[in-house]
Amino acid sequence: MRHTILGAGGSIGNPLAFELLKSGQTVRLVSRSNFSIPGTETVKADISSFEEVATAVKGSDIVYLCAGLPYDIKVWAELWPKIIKNTLEACKKANAKLIFFDNVYMYGKVTGKMTEDTPYNPCSKKGEIRVQLAHLLEKEYKAKNLDVIIARAADLYGPYATKNSVPYIMVFDKLLNGHKPQWMVDASKLHTLSYTPDCARALVLLAGRIECFGQTWHLPSYFPPVNGKTFIEVVARETGMKADFFLLKKWMIKMAGLFNKTVAESYEMLYQNEFDYIFDSTKFNSYFNFEPTSYVEGVRGTIEFLKKGLQSNL
């Protein structure tokens, strides 16, 4: 089978590519940067262009949409609907199945666990856009126009989750470089994190089961979640550093947003740190008899990966 990854080179695209290669699959990587990995086919394309997406997915059996966009609500509002529509139509033209890697913004503030049955109740502009995308995808699979899976994950940590990963930026990178780690708003609140290798393995499992299409799946994430303080303590212990951390209050983040657009864009999402953020993947775990990686093992795997990267740059 030919597997095509739209948005190659990111937190999920990379581990997914390696997982597919490990299982002997034919892999095509699609990105604007012409990102490549040995053993894969590489295509340079702008997925906001239908013609380029259609060319990129031609001949594919499974297409994974793992793209990320700049953290800018204006960019999201303009490009995300266009990208989803382009990908849906291109997959229809290619007779390919589609798996969309999604987040949980559409759920908004949730009391208790987030499950696949949690109603959409966004409390942010970005969440409203994710609802719009979900409805576009659901419309297609409910009408049986296309085999589609929506695969959702919590906040990511693990190998390759660096550029846009809050756990990496505020905890791993700080401690590995001898600096005090940080957390946002309230370190006592529970916060589920999804480990990137688990997500990649899960996507491959879903792709191989036709009965899994036409559904939303929460990707495997360890339960119970830990709070910010405990997560920092685990990373500190594994790096041999002190677990003392600096707590960024909401007013601090709002002030920082006056000088940094990305920080300003993240302010509306702080409810995820003010309240417990509990992501439930029981459906997937039970169906595939999958045991998610514990936070201790995930932290160790992440540190090993990051240290190898540091050594290779010396």
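The following exercises, each with a worked solution, concern a predicted model.

**Exercise 1. Strand E4 and its partners**

Determine which strands pair with E4, in what sense, and how the chain passes from E4 to E5.

Solution.
Step 1. Take strand E1, residues 2-6, which pairs with E4 in the parallel sense over 4 bridges. Within this pairing, His 3 stands opposite Ile 62 of E4.
Step 2. Take strand E5, residues 97-102, which runs parallel to E4 and is joined to E4 by 4 bridges. Here Val 63 is the residue that stands opposite Leu 98 in E5.
Step 3. Follow the chain from E4 to E5: the path goes through helix H3, residues 73-94, and forms a right-handed β-α-β crossover.

**Exercise 2. The two faces of E4**

Assign the residues of strand E4 (residues 62-65) to its two faces and state whether each face is covered or not.

Solution.
Step 1. In a regular strand, side chains alternate between the two faces of the sheet.
Step 2. Ile 62 and Tyr 64 accordingly belong to one side, with Val 63 and Leu 65 on the other.
Step 3. All four of these residues are buried, and both faces of E4 are covered.

**Exercise 3. Two loop residues beside E4**

Classify Asp 72 and Lys 58 as buried, partly exposed or exposed, and list their contacts beyond four places in sequence.

Solution.
Step 1. Locate the residues: Asp 72 is in the loop between E4 and H3, while Lys 58 is in the loop between helix H2 (50-57) and E4.
Step 2. Asp 72 has a relative accessible area of 14%; the cut-off for buried is under 20%, so Asp 72 is buried.
Step 3. Lys 58 has a relative accessible area of 63%; exposed means over 50%, so Lys 58 is exposed.
Step 4. Leaving aside neighbours within four places in sequence, Asp 72 contacts Lys 261 and Glu 265. With the same exclusion, Lys 58 is in contact with Arg 28 and Ala 94.
Step 5. For a further distance, consider Ala 90, which is 32 residues from Lys 58 along the chain; the C-alpha atoms of the two are separated by 8.0 Å.

**Exercise 4. Helix H1 and Val 204**

Establish how many residues of helix H1 (residues 13-22) are buried, what covers them, and which residues Val 204 touches.

Solution.
Step 1. Of the 10 residues of H1, 7 are buried, and the helix is mostly covered. The buried residues are Gly 13, Asn 14, Pro 15, Leu 16, Ala 17, Glu 19 and Leu 20.
Step 2. The cover over these buried residues includes E1, strand E2 (26-31), E4 and H6.
Step 3. Val 204 lies in H6, residues 196-207. Residues up to four places away in sequence not being counted, Val 204 touches Leu 16, Glu 19 and Leu 20.
Step 4. The relative accessible area of Val 204 is 21%, so this residue is partly exposed.
Step 5. Just after H1, Gly 24 adopts a positive phi of about 80 degrees.

**Exercise 5. The second largest pocket**

State the volume of the second largest pocket, the residues closest to its centre and the composition of its lining.

Solution.
Step 1. The volume of the second largest pocket is about 200 Å³.
Step 2. The pocket is lined by 13 residues, of which Lys 109, Val 110, Thr 111, Phe 275 and Asp 276 are the closest to the centre.
Step 3. By class, the lining comprises 7 nonpolar, 4 polar and 2 charged residues.

Technical notes:
Residues numbered from 1 in each chain as written. Predicted model: local features only at pLDDT ≥ 70, side-chain atom pairs only at ≥ 80, totals over all residues. Heavy atoms only, no water. 1 Å grid on protein atoms, 1.4 Å probe; cavity = no way out; pocket = protein on both sides within 12 Å on 5 of 7 lines; lining within 4 Å. Points joined across faces, edges and corners; volume = space filled by probe spheres on them. Nonpolar A, V, L, I, M, F, W, Y, C, P; charged D, E, K, R; others polar. Buried < 20%, exposed > 50% of the residue type's maximum accessible area, 1.4 Å probe, protein only. Pairing = 2+ DSSP bridges. Right-handed = clockwise from strand over helix to strand, strands pointing away. Contact = heavy atoms within 4.5 Å.
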